[in-house]
Amino acid sequence: MTAPHLAHPEWAPFVAASLIGVAVATTLSWLLARRRARRLLGDARAMPPARLGADLLLVAAIAAIGLAWLGLKLGTRVVRVPGSGVDLVVLFDTSRSMDATDVPPSRIARARELTREVLARLGGEDRAALAVFASRGVVLSPLTPDTDALAELAAALDTELVRPSGSDLGAGVAAAVTAFEAGSTRPRVLLVLSDGEDPEARADAGSAVARRADTRVVAVAFGGEAGASIPAGDVTLADERGRPVQTRRDVARLAELADATGGIAFAADRWGEVDLAGLLAELRRDGAQASGGLVERRVPATQVVPLALFAFVLLALEWIGGPRALCAALRRRRALALGAA
């Protein structure tokens, strides 16, 4: 089962603040009524805890309505959609570490070559777009069937393209998913070409953003894990203490991002080669085999109806005075039925 997430997380602060306000107001109201009962009747038991329980049912119902409004997505459902083509966004890592030559002639050169090979083998009904990231993400082209033009653009990518330098994969994913058309039912795939390294060790690699965009991530990791220096002209890149900067690929980070979205990560070998047939099959996994065909897609299920029904049940229980009142009413009905018999 996929991890739960929200279709509209931007509304979460408002919903949380409203729910806290209702919970506090309900509790204070009950405490005030309890104090009034003690003052007038001399006995706080005139306000039984069951009344507070009924009020808390109202709070729980409002919480369920709030989750439905936020668009809680939990689990998956199967839909049949036209799948004769896929929408592919290639997210290209242009951080300085991609200049490392532990994969000859360099990591970025092998990534450019793989981009060219993938674009050349897409189907006629597939569409592709190109995005890059370093310290930030940038979309370079919209979705287009003109893969030849994209291949020419990809051939010119280098580590000087995005400034300032850095390696924020999460920012790259956030930018790349904006290239997909809102409301489109075409399968969405994000191909990440990177070494996976992040010197700042950020926790967020973009998995939540990709899931909200219903995008499956397929990643290819370039580089070695033994460590390599980074060329900087005729010398090697050094840190503030003058020591050579070492770079190592991080396959696990890319695999975690891919796994979280139902995708897969490939690790290129020491020559930068990858199982191209397997990669292409994974990219077009959700596409129909014939033009105009339908495919089954597992998409996140928005739990609006179950939450609304749950809220209705809670409101009904609150209206009759809570679970204890319901049980008492059932016992009275049973006693009457037995007496009539």
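User: How many helices and how many strands does the chain have?
Analyst: The chain has 10 helices and 13 strands. Both are DSSP runs numbered from the N terminus: H or I over at least four residues for a helix, E over at least two for a strand. This is a predicted model, in which local features need pLDDT of at least 70 and side-chain atom pairs count only at pLDDT 80 or more, while totals for chains, interfaces and linings use all residues. Residues are numbered from 1 along each chain as its sequence is written, and side-chain values use heavy atoms, with hydrogens and water left out.

User: What makes Ala-232 partly exposed?
Analyst: Its relative accessibility is 24%. Buried means under 20% relative accessible area and exposed over 50%, with partly exposed in between (1.4 Å probe, protein chains only). The value of 24% therefore puts Ala-232 in the partly exposed class. Ala-232 belongs to strand β9 (residues 231-232).

User: Which residues is Ala-232 in contact with, leaving aside its neighbours within four places in sequence?
Analyst: Arg-96 and Leu-237, where contact means heavy atoms within 4.5 Å. Ala-232 and Arg-96 are 136 residues apart along the chain, yet their C-alpha atoms are separated by 8.9 Å. Across the chain, 80% of the contacts with a separation of 6 or more join residues 24 or more positions apart.

User: Why is β3 described as largely enclosed by the rest of the structure?
Analyst: Because 7 of the 7 residues of β3 are buried. Both faces are covered: Asp-87, Val-89, Leu-91 and Asp-93 are buried on one side, and Leu-88, Val-90 and Phe-92 on the other. For the chain of 341 residues, the buried share is 42%.

User: How do you know that β3 and β4 pair?
Analyst: Two strands pair if DSSP finds at least two bridges between them. β3 and β4, which run parallel, are joined by 7 bridges, so the criterion is met. One of the bridge partners is Ala-129 in β4, which goes with Val-89. β4 also pairs with β5, in the antiparallel sense, over 3 bridges. There, Ala-131 stands opposite Val-139 in β5.

User: What makes β5 and β12 the edge strands?
Analyst: Each of them pairs on one side only. They stand at the ends of an open sheet of 6 strands, in the order β5-β4-β3-β6-β7-β12, with mixed pairing. From one strand to the next, the twist averages 20 degrees. Such angles run from 0 to 180 degrees between N-to-C directions, with axes as lines fitted to C-alpha atoms, for helices over the stretch in contact.

User: Which strands of the sheet does α3 touch?
Analyst: α3 packs on the sheet against β3, β4, β6 and β7, and its direction makes about 170 degrees with that of β3. Helix α7 (residues 251-260) lies across β6, β7 and β12, at about 165 degrees to β7.

User: Which residues touch the most other members of the largest nonpolar core?
Analyst: Leu-114, Val-118, Leu-191, Leu-193, Val-220, Leu-279 and Leu-283, out of 32 residues in that core. A nonpolar core is a set of buried Ala, Val, Leu, Ile, Met, Phe, Trp, Tyr and Cys residues joined through side-chain atoms within 4.5 Å. Elements giving two or more residues to this core include β3, α3 (107-120), β4 and α8 (276-283). The largest share, 5 residues, comes from α3. Apart from this core lies another, of 23 residues, among them Phe-133, Val-173, Val-192 and Ala-205.

User: Why are the buried residues of α4 placed on the same side of the helix?
Analyst: Thr-147, Leu-150, Ala-151 and Ala-154 are buried in α4. They cover an arc of only 105 degrees around the axis, which puts them on the same side; the arc is that of the directions from the helix axis to the C-beta atoms. Asp-148 and Glu-152, on the other side of α4, are exposed. The cover of the buried residues includes α3 and β4.

User: What makes the positive phi of Ala-201 a point to mention?
Analyst: Phi is near 50 degrees, and Ala-201 is a residue other than glycine. Ala-201 sits in the loop between β6 and α6 (207-212), and at 62% relative accessibility it counts as exposed. Asp-214, also not a glycine, has a positive phi of about 55 degrees; with a relative accessible area of 30%, Asp-214 is partly exposed.
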